[in-house]
Structure formats: C-alpha cells, structure tokens
Amino acid sequence: MHNVILNVQTQHIEPHLVSILESVSDPEIPVLSIMDMGVVREAIEVDGVIQVKITPTYSGCPAMDVIGDDIVSAFAKANKKAKIKLVLSPAWTTDWITDRGRKALEEYGIAAPLSPEADKEALLGNKKIVKCTNCGSTETHLVSQFGSTACKALFKCDICQEPFDYFKCLK
Amino acid sequence: MTNNSTTDTSSLPLGEMSEGQRGNLYNYILGIADNSLILGQRLGELCGHGPSLETDIAGTNISLDLFGQVRSYFQYAAQISSDNDATEDTIAFLRIERQYRNVLLVEQPNTDFGYTIVRQFLFDAYHLLFLRELEKSNDETLAAIAKKSIKEVSYHWRFSSDWIRRLGDGTEESHERVQEAVTDLWMYTDELFHQTEADQAMIAEGIGVETSKLKEIYYKMISEVLEEATLEVPEGKYFHKGGKQGIHSEYMGYILSDMQYMQRTYPNMEW
C-alpha cells in the first residue's frame, strides 16, 4: 500500500486508455472531463490492471474520492480492473486545464482562469480582465475570493448584473 | 476521512531510521498538522454562522484546504507511527488533549469576525513563511505537501490580510474591534517560533524548518499590513506558550469534545 512513487513529473497515459478516462467527468463541473481538467497524471496497464495516478486540484477537494470511484467504475464497464493512487507532486496548476477544457468551462458559465492576480486586481479595482460569461463584458467585480467550491471565486457583472463563477488561477 | 485512494508518498527509507528518529519525525509532523487541524475545526464552527454568506463560504473553504493538508500529513504520520493500527482518522480523532501539539493561537475562539480574521491573519503569515522553507526539506513527502499547500495558503493570506486592511481602515467601529483583537491575540504569536525537542532533531536532519530565522520577517510582514490598515502594532512583551508541549488553554477541551464526539460515541464509524 505504501510502496508508491512520489513524483510523476510528466503526464503519461497509454493511448488505449484515453477514451475511457475522457468519459469520466468532474463531479462538480459535469461538462469537464477529468482529462481536460489535467488531474490524470498517469495511466498504465500492468498485468491486466490499470494503474491510474490522479492529483488533487486543491488538497481538500472532496471530488477526488468521487473521481477515483468513477474511474474504477468506468473501467469496470469495460471489464477492466483499475487501481487509483493520489499524487501530490508536482502540484496541480490551472495551466494543465486543456484548451478544450477552458472552452467547456466558459460555455458552462464559469470564467476560465487568467492570471494569479486577476481576482486581486478586481478586488482593488485596478484592472478589470475577468469577462462575464453571460454578456462578455469585462465590467465585472469580485464578490468573494471563495466561491461555491475551493477552486472558484464569485464575480458579478456590472452590466447584466449576473453573478458568475471564476475558476481561480493556481500556478 | 475514509478514502479509497492512498496518497502517493515515500521518501525516507523508513526501515533505516532508528526508533528515536521515527518518533521525532512523527511528532514533528503532528506539530505541523495539528495547527491546521485545530484552526480548521475553529473555522468549521462558522459554517452556516458566518457574518455574511461570502465570509461564511470563505471560512469553510479555508477550513477545507487546511483539512486536506492535514490528511496528507496524517497519512504520512500513520506510516511512520510505531502503532501499526494508526490511521489518519485515529491520529485526528483519538488522541487525548495533552497529545495535541498545536499552538495556542489556533485554538482561540471566534469571538467576533475581527478576532476570527486576526487569528487567521497572524497564522497565515507564519504558515506561508513556514511552508516556503518546508518545501526545501530533505524529506520529499513533507516537501511535496508544502509545495501543494503554498498555493492554497497564499490565497488564505491574501484573503485575511485584505480583510485586515478593510476592517482596520474601515469604520470607527470596525477599526476599534479589529485593533482590540490584534492587541489581544498578539501574545500568542511568539509561540509560533518556539522549538520542541522533535523540532530541533528534525532541523538537525535538514528535514525541519529553522523557525527562529523566520521570526524577524514574520513581524515585519504583519506590521506592514497593520500599518497600512492604520492599526497599531502592539508592543506587548508578554507571550503565552504551552500548546506545543500539549499544555493547552481551557478552550481546547471543548474543541475536542465537539470534534471527537462521533468517533468516541461510535468507535470505528465510517461515513
């Protein structure tokens, strides 16, 4: 149980496992597959068992357990056994969200991460760069640095008055 | 806290460590993690009771980050423990008060939002400085947990220091109340830099953080924000200590009775 590796420096996913992993979505953000989220760091088949290594977006992210279970059941449907390990290093960054993932976020109504300073700038009223996912205006303001989940901040648009989530930038 | 996945950790050849070294490492990890555990528990008390929806959510989000970090530390500690039945849950929930190593600061109550945010602010500054050193630890697991946590704690620091500015440089009442909290909680800051025997043993191994080197920058870091917030930097020279040795304030028993209730009442319960 403890004879495991600490670092998974580069993502390594065997091609024949990709489509099954892509079918598993983030339980908090159903439009986003865990592959587009960048949380799958390694998936290899060893002696008929799929070894999957996932990394948490935030340490306390409660979705990780569900993601692990969902991966196991997705492979079970294909009559494959999967084992899940959690890796901490290197730490997840929003840079690992794919372009397709960013697009899916925006369409779902969550502004994609921009820069680590974007929400601070908004709070202090310096630079407005976070775009409203409803009307596209950058006339938005930060309502709360912490939003509906650990990975999101809450914004409100000053033009259309809609509140929306912004995916915090983590680098 | 039960979980079907295991955290990927391995670093020190544990088999090669002497029992004494293992004990020191175990206590060292608890010394780090207990701060986050008890502060997380304190913040969790505000769930549904925050002064506004946004600050309520913020408090519980920070709490969640801290618990996540605690799980990584405790999973590692469970591997090192001389007790083969130790798990992250038994370490979190089944120790007695004297065995918790957290500093007194984190067990102080949520008197009002001023106190809550000042406690957070005083801890976040230390936590951030501490983790920036821990990420250079010879112990790969601790370094990895630190690297992950820094990203989260930077955000906590930003949140708490922004609120200090808002409250300090806010209304007359917010200024007065946040100043009172700063003055009151100041006496718990020095303990952050105290070193236990386990701390010193781990510093000598290149595993632990030499906290005495952080003290000056810590006080500079918080003083800058306090001044910007038009608050006075207390000059008190009397400081409380004891938490790191397991000698806690009266509050600790109440925190634990709340926190341990389920595990004590229904032993081995699982969600």
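**Reading two chains in a predicted model**

Tutor: Let's start with overall size, keeping in mind that this is a predicted model. A compact globule of 271 residues would have a radius of gyration near 18 Å, and chain B has 18 Å, so the two agree.

Student: How do I picture the space that the C-alpha atoms of chain B fill?

Tutor: Think of a box lined up with the principal axes: for chain B it comes to roughly 60 × 40 × 30 Å.

Student: And what share of the residues in chain B is buried?

Tutor: To call a residue buried, we want 20 or more other C-beta atoms within 10 Å of its own. In chain B, 47% of the 271 residues pass that test.

Student: How many helices and strands does chain B have, then?

Tutor: You'll find 11 helices and 1 strand. Walk along the sequence and the strand comes up before the helices: β-α-α-α-α-α-α-α-α-α-α-α.

Student: Which share of the contacts in chain B links residues 24 or more positions apart?

Tutor: Look at contacts with a separation of 6 or more; in chain B, 77% of those join residues at least 24 positions apart.

Student: Okay, over to chain A. Which domains is it divided into?

Tutor: Domain 1 covers 12-96 and domain 2 covers 109-167. Their centres in chain A, taken over C-alpha atoms, are 28 Å apart.

Student: How many residues of each domain of chain A are in contact with the other?

Tutor: Count both sides: 7 residues of domain 1 meet 6 residues of domain 2 in chain A. On the domain 1 side, the touching residues split into 3 nonpolar, 3 polar and 1 charged.

Notes: Residues are numbered from 1 along each chain as its sequence is written. Chains are lettered from A and ligands numbered from 1 in the order in which they are written. This is a predicted model: local features need pLDDT of at least 70, side-chain atom pairs count only at pLDDT 80 or more; totals for chains, interfaces and linings use all residues. Domain bounds come from an automatic or database domain assignment. Two residues are in contact if their C-beta atoms, placed from the backbone, lie within 7 Å. Ala, Val, Leu, Ile, Met, Phe, Trp, Tyr, Cys and Pro count as nonpolar, Asp, Glu, Lys and Arg as charged, and the others, Gly among them, as polar. Helices (H or I, at least four residues) and strands (E, at least two) are DSSP runs, numbered from the N terminus. The radius of gyration is taken over C-alpha atoms; the globule rule is 2.2 Å times the number of residues to the power 0.38. A residue is buried if 20 or more other C-beta atoms lie within 10 Å of its own, exposed if 12 or fewer, and partly exposed in between; C-beta atoms are placed from the backbone.
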